[in-house]
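Colleague: Please take a close look at the strand pairing, beginning with a single hairpin-like question of which segments are joined to which. A connected account that then moves on to the other sheets and to a helix contact would be welcome.

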Amino acid sequence: MSKLVIVESPAKAKNIKGYLGRGYDVVASMGHVRDLPAARLSVDVANDFEPKYAIIKGKENFVKDLKKKADAADYVYLATDPDREGEAISWHLATLLGLDMNDENRVTFNEITKNGVQTGMAHPRAIDIDLVNAQQARRILDRLIGYKLSPFISQKIRRGLSAGRVQSVALRLIVDREEEIRAFKPEEYWSIDAKFTNPPERKSFPAVLYSKSGKKIKITNKEQSDSILADLEGVSYIVDSVKKGQRKKNPTPPFITSTLQQEASRRLSFQAKRTMKAAQELYEGVDAGELGTVGLITYMRTDSLRISEEARAAGNKYITDTYGEKYLPEKPRYFKSKSNIQDGHEAIRPTMPNVTPESVKNYLTTDQYKIYKLVWERFIASLMASCVQETMKIEIAAGDYTFVATGYTVKFDGFTALYEEKDDDAKDDSSAPLPKMSKGDVLKLKSILGNQHFTQPPARYTEASLTKALEENGVGRPSTYVTITSTILNREYVKREGKQFVPTELGEAVTNLLKDKIPNIVDVNYTSEMETDLDKIDSGDKNYKDMIRLYYDDFEKPLEKAKEEMQGVKIKLKEEETDVVCEKCGRNMVIKVGRYGKFLACPGYPECKNTKPLVFKTKAKCPECGGDVIEKKTKKGASFYGCSNYPNCNFMTWDVPSDEVCPKCGKSLFKRKGNVLYCPDTEGCGFTKPVPRKKKTEEE
């Protein structure tokens with residue numbers, strides 16, 4: 001019998017074919033084959049929100065060939081990804097191929113290993129129409145909101161803008177945070193910091209002034225600080241109490257999609273898109289030497305913290321063999337997932353816990369290795385025993401004042417022998433152990449200072465902290481976070497400064513318009529409730545058409561009212577002035593946005609109607625004529641570089657011009673793939689040199 005298996009990606013198709021062997025033809029759909037056409041609304045609002053799907057442009061021939069293969073096969077298996085999106089793709093495929101929706105032809109693979117594929121093939125089921133409807137509800141709502149709202153804000157602010165069910169809330173979080181920062185008024189406060197020794201020991205330890213006459217002290221200015229320092233002159237410093245304790249530090253759970261993105265951002269400075277690309281490759285399968293081509297991690301789009309007992313046993317065996325029995329907890333540790341999640345598959349974990357990152361490092365790209373190491377260490381650590389710390393708190397009497405010193409020592413390292421999570425908000429907890437002390441010990445003062453401080457505003461969002469905020473507020477889903485951040489950056493609603501997101505004037509204008517006229521669409525709680533209701537469609541508890549109708553009515557009425565109220569109103573943004581002088585009237589030209597993108601225009605319009613293309617000049621010179629090398633854009637937005645003297649000079653390159661010049665001939669150097677600087681005068685010179693790796697700063 002011939003069997004056709006349809007998956008989503010070519011890499012996965014190749015690897016699954018290797019596991020299934022003869023009698024199976026495995027093909028890739030390359031994602032969706034049918035969708036709502038972008039050229040029109042494609043949702044019949046009057047006919048109960050009926051979607052009007054069509055084959056995606058460019059895939060007509062593929063679908064035709066797929067139908068022939070399906071007709072020739074004895075059986076067709078739909079093996080798209082194990083989530084809502086994958087379920088919907090299977091449903092669309094079944095519709096196009098004329099398959100019976102009640103057939104048990106849907107198979108899912110949580111991991112692309114021989115066992116994972118064979119297990120999936122052994123347990124086929126019918127397409128889950130509730131999961132399909134959950135995806136359809138989101139897709140239709142997103143289309144309705146985007147298609148109705150985007151033209152409105154484009155008309156009122158600037159051509160070509162967009163708004164969306166989740167992206168607008170994410171943008172609001174960033175804008176609101178910026179407003180908090182602007183409104184923040186720093187408050188002065190002081191600390192009295194001392195260093196002591198306990199003779200005969202010479203090593204000093206720090207302590208901070210805590211209270212006076214038993215009441216916690218707050219120092220607000222230099223005068224108060226100086227007065228306290230004066231009071232402390234000549235006093236004795238005596239240990240008043242020594243409190244010892246013990247605390248446990250537990251490991252964090254294995255990764256879900258959002259926490260993987262956050263940790264890769266903190267530890268590796270990876271943007272979410274880069275993280276998910278490497279994770280996708282590790283899931284779909286890589287050539288791992290003697291192991292063959294195999295998926296090294298489980299499915300990387302998941303909200304679940306569940307792990308299989310087989311994986312737990314394999315991880316426990318690795319821990320016992322490597323660290324010993326004492327590194328296993330007394331009782332197995334189970335992490336509780338949040339409610340309203342898709343629990344069809346596990347947390348992100350290594351498919352073979354005994355395969356260490358170092359053992360496959362030579363077979364992986366740098367990004368694949370870094371992500372695999374992160375996933376592997378986090379999973380193994382989550383199974384390990386807690387870290388046990390012995391704590392010590394010393395209270396030091398100084399007349400009416402009391403200083404406090406704290407420290408700890410690690411009694412048992414537990415999981416920290418392998419891995420510890422980074423935290424954006426965590427304060428430095430690298431407290432050094434304190435020397436042995438007893439009540440009544442007289443300490444020697446080494447130094448004492450009054451230090452000025454100011455309260456700090458809340459930090460701007462980074463990609464990691466924005467993802468965390470969206471997740472905590474129940475806005476969107478982990479699989480959408482990459483798209484959200486990409487969209488608000490590409491639309492120039494926000495810009496990056498280091499790792500931080502800063503809203504632009506345009507982003508603030510869009511958010512303020514929506515807050516004023518259509519508040520539901522940017523309300524965090526409302527969007528979270530909508531997401532919760534949409535999740536209920538998964539289990540069949542809600543009808544998806546009823547859900548669409550409810551939220552569409554909530555959105556359409558304020559939009560129509562806003563259109564009436566703002567007839568003829570245009571929100572004017574401050575135009576960005578450049579140093580390019582208008583040759584007709586002498587004014588500095590400004591950047592405007594038109595149908596075909598940005599351009600330079602004279603601010604004296606309509607008296608002066610001069611315009612010219614916007615070009616970004618680099619510091620490099622053209623190797624052919626000596627003109628300026630300028631950055632240009634393709635229709636799709638990709639950057640390339642050419643001579644400013646075009647069409648008289650046709651020099652063009654995709655390689656990035658540098659600030660350096662060739663030491664041999666003096667021409668500008670360009671950087672090509674492989675991080676190599678080269679001289680473009682290949683015939684007469686041919687100079688090359690590697691680009692030295694830049695050490696990343698903490699901000700980067």
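Modeller: In this predicted model, strand E8 is joined to strand E9 (residues 205-212) by 4 bridges, and the two run antiparallel (strands pair if DSSP finds at least two bridges between them). Within this pairing, Asp 193 has Val 208 of E9 as its bridge partner. Strand labels refer to DSSP runs of E with at least two residues, and helix labels to runs of H or I with at least four, numbered from the N terminus.

Residues are numbered from 1 along each chain as its sequence is written. Local features need pLDDT of at least 70, side-chain atom pairs count only at pLDDT 80 or more, totals for chains, interfaces and linings use all residues, and side-chain values use heavy atoms, with hydrogens and water left out.

E8 itself spans residues 188-197 and also pairs with strand E16 (residues 442-454), again in the antiparallel sense, here over 10 bridges. The residue that follows Asp 193 in E8, Ala 194, finds its bridge partner in E16, at Ile 448. E8 therefore has two partners to follow in the display: E9, with 4 bridges, and E16, with 10 bridges between the two strands.

Further along the chain there is an open sheet of 4 strands, in the order E23-E24-E25-E26, whose pairing is antiparallel. Its edges are formed by strand E23 (616-621) and strand E26 (652-653), each of which pairs on one side only. Inside this sheet, strand E24 (residues 628-633) and strand E25 (residues 639-643) run antiparallel and are joined by 5 bridges. One point at which to trace this pairing is Ile 630, whose bridge partner in E25 is Gly 642.

Another open sheet is likewise built from 4 strands with antiparallel pairing, and its order is E27-E28-E29-E30. Strand E27 (656-661) and strand E30 (688-690) are the edge strands, each pairing on one side only. From one strand to the next, the twist averages 35 degrees (axes are lines fitted to C-alpha atoms, for helices over the stretch in contact, and angles run from 0 to 180 degrees between N-to-C directions). The edge strand E27 is joined to strand E28 (residues 668-672) by 3 bridges, and these two strands run antiparallel. In that pairing, Pro 657 has Phe 670 of E28 as its bridge partner.

The helix contact concerns helix H10 (residues 309-323) and helix H12 (residues 366-382), whose axes come within 9 Å and cross at roughly 90 degrees. H10 is therefore roughly perpendicular to H12 (65 to 115 degrees; under 35 counts as roughly parallel, over 145 as roughly antiparallel and the rest as oblique). On the H10 side, the contact (heavy atoms within 4.5 Å) is made by Ala 311, Gly 315, Tyr 318 and Ile 319. From H12 come Trp 376, Phe 379 and Ile 380. By class, the residues of this contact are 6 nonpolar and 1 polar, with no charged residue (Ala, Val, Leu, Ile, Met, Phe, Trp, Tyr, Cys and Pro count as nonpolar, Asp, Glu, Lys and Arg as charged, and the others, Gly among them, as polar).
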